[in-house]
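Open the model in a viewer and keep the sequence panel visible. The stops below say what to select and what to look for.

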Amino acid sequence: MESEPRYGFIDREGNLIIEPQFVEVGYFSEGLASMRDGDLVGFINQDGEVVIEPQFANASDFKEGLACALIEDAIGYIDQEGKVVIEPQFEEAEDFSEGMAVVGKDEQYGYIDTGGEIVIPYQYNDSEDFSDGLAAVEVDARFGYVD
């Protein structure tokens, strides 16, 4: 029986830094990388030490100190200690960019701040991340930018 591939990390010279031991890994961002152990996702540091135990159905990379995490059947945000800081309540969510994150419910999108407050209400058919103070949005097949 063939075993499942395992992933680890090498440095730029090709030296093995973290032994292949994970079913899946993400990119290092803000000093942490997601890793899948069985069906659950946790995070490791650059020494390969588990700093957030696998406990999430899925998780994104850390951006601006927070990561999206799928907890049961909703998405919330965790901090770099694995503490839920924005309660799971979203059907869709993106990473933070310029202090705001796209979140979605009922096929409508809006934006939250890093405190979890809705700062731009659910009103768009599609929304993109903020970049240089603007974000592309769609309303009824019309496209524009919000600031």
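**Start: the whole chain**

This is a predicted model, so begin by colouring the protein chain by pLDDT. The mean over the chain is 94, and 99% of its residues reach 70 or more. Among the elements, strand S9 has the highest mean pLDDT, 98, and strand S17 (residues 142-146) has the lowest, 87.

**Stop 1: residues 7 to 22**

Select strand S1 (residues 7-10) and strand S2 (residues 16-22). They run antiparallel and are joined by three bridges. Show Phe-9 and look across to S2, where Ile-18 stands opposite. Five residues separate the two strands of this hairpin, and Gly-14 has a positive phi near 90 degrees.

**Stop 2: residues 33 to 56**

Move on to strand S4, which covers residues 33-37, and strand S5, which covers residues 40-44. Five bridges join S4 to S5, and the two run antiparallel. Ala-33 faces Ile-44 of S5. The hairpin made by S4 and S5 has two residues between the strands, and in its turn Gly-38 takes a positive phi of about 75 degrees.

Is S5 mostly covered or mostly open? It is mostly covered: four of the five residues of S5 are buried.

Now add strand S6 (residues 50-56), which pairs with S5 in the antiparallel sense over three bridges. To find one of the pairings, select Phe-43, whose bridge partner in S6 is Ile-52. The hairpin of S5 and S6 has five residues between its strands, and Gly-48 there shows a positive phi near 85 degrees.

**Stop 3: the salt bridge**

Show the side chains of Arg-36 and Glu-24. How far apart are their closest N and O atoms? The distance is 3.7 Å, and the two residues form a salt bridge. The cut-off for such a pair is 4 Å, and by this rule the count comes to one salt bridge. Arg-36 belongs to S4 and Glu-24 to strand S3 (residues 24-25), so the pair ties together parts that are twelve residues apart in sequence.

The two partners can also be viewed with a surface switched on. Arg-36 counts as buried because its relative accessibility is 14%, and the limit for buried is under 20%. Glu-24, at 41%, counts as partly exposed.

**Stop 4: Asp-79**

Select Asp-79, in the loop between strand S9 (74-78) and strand S10 (84-90). Asp-79 is buried but has no salt bridge. Which side chain of opposite charge is nearest to Asp-79? It is Lys-83, 5.5 Å away.

Next, show the backbone of Glu-81. Its nitrogen lies 2.9 Å from a polar atom of the Asp-79 side chain. Setting aside neighbours within four places in sequence, the contacts of Asp-79 are Ile-52, Phe-62, Gly-65, Leu-66 and Val-85. Ile-52 was already on screen at the second stop, as the bridge partner of Phe-43.

**Stop 5: the three-stranded sheet**

Finish with an open sheet of three strands in the order S15-S16-S17, paired antiparallel. Strand S15 (126-127) and S17 are the edge strands, and each pairs on one side only. Select strand S16 (residues 135-139) together with S17: the two run antiparallel and five bridges join them. Val-139 has Arg-142 as its bridge partner in S17. With the pLDDT colouring still on, S17 can be picked out as the element with the lowest mean value, 87.

Note on methods
Residues numbered from 1 in each chain as written. Predicted model: local features only at pLDDT ≥ 70, side-chain atom pairs only at ≥ 80, totals over all residues. Heavy atoms only, no water. Buried < 20%, exposed > 50% of the residue type's maximum accessible area, 1.4 Å probe, protein only. Lys, Arg positive; Asp, Glu negative; His and termini not counted. Polar contact = N/O pair within 3.5 Å; in protein donor to acceptor, adjacent residues only side chain to side chain. Contact = heavy atoms within 4.5 Å. pLDDT = per-residue confidence, 0-100. Pairing = 2+ DSSP bridges.
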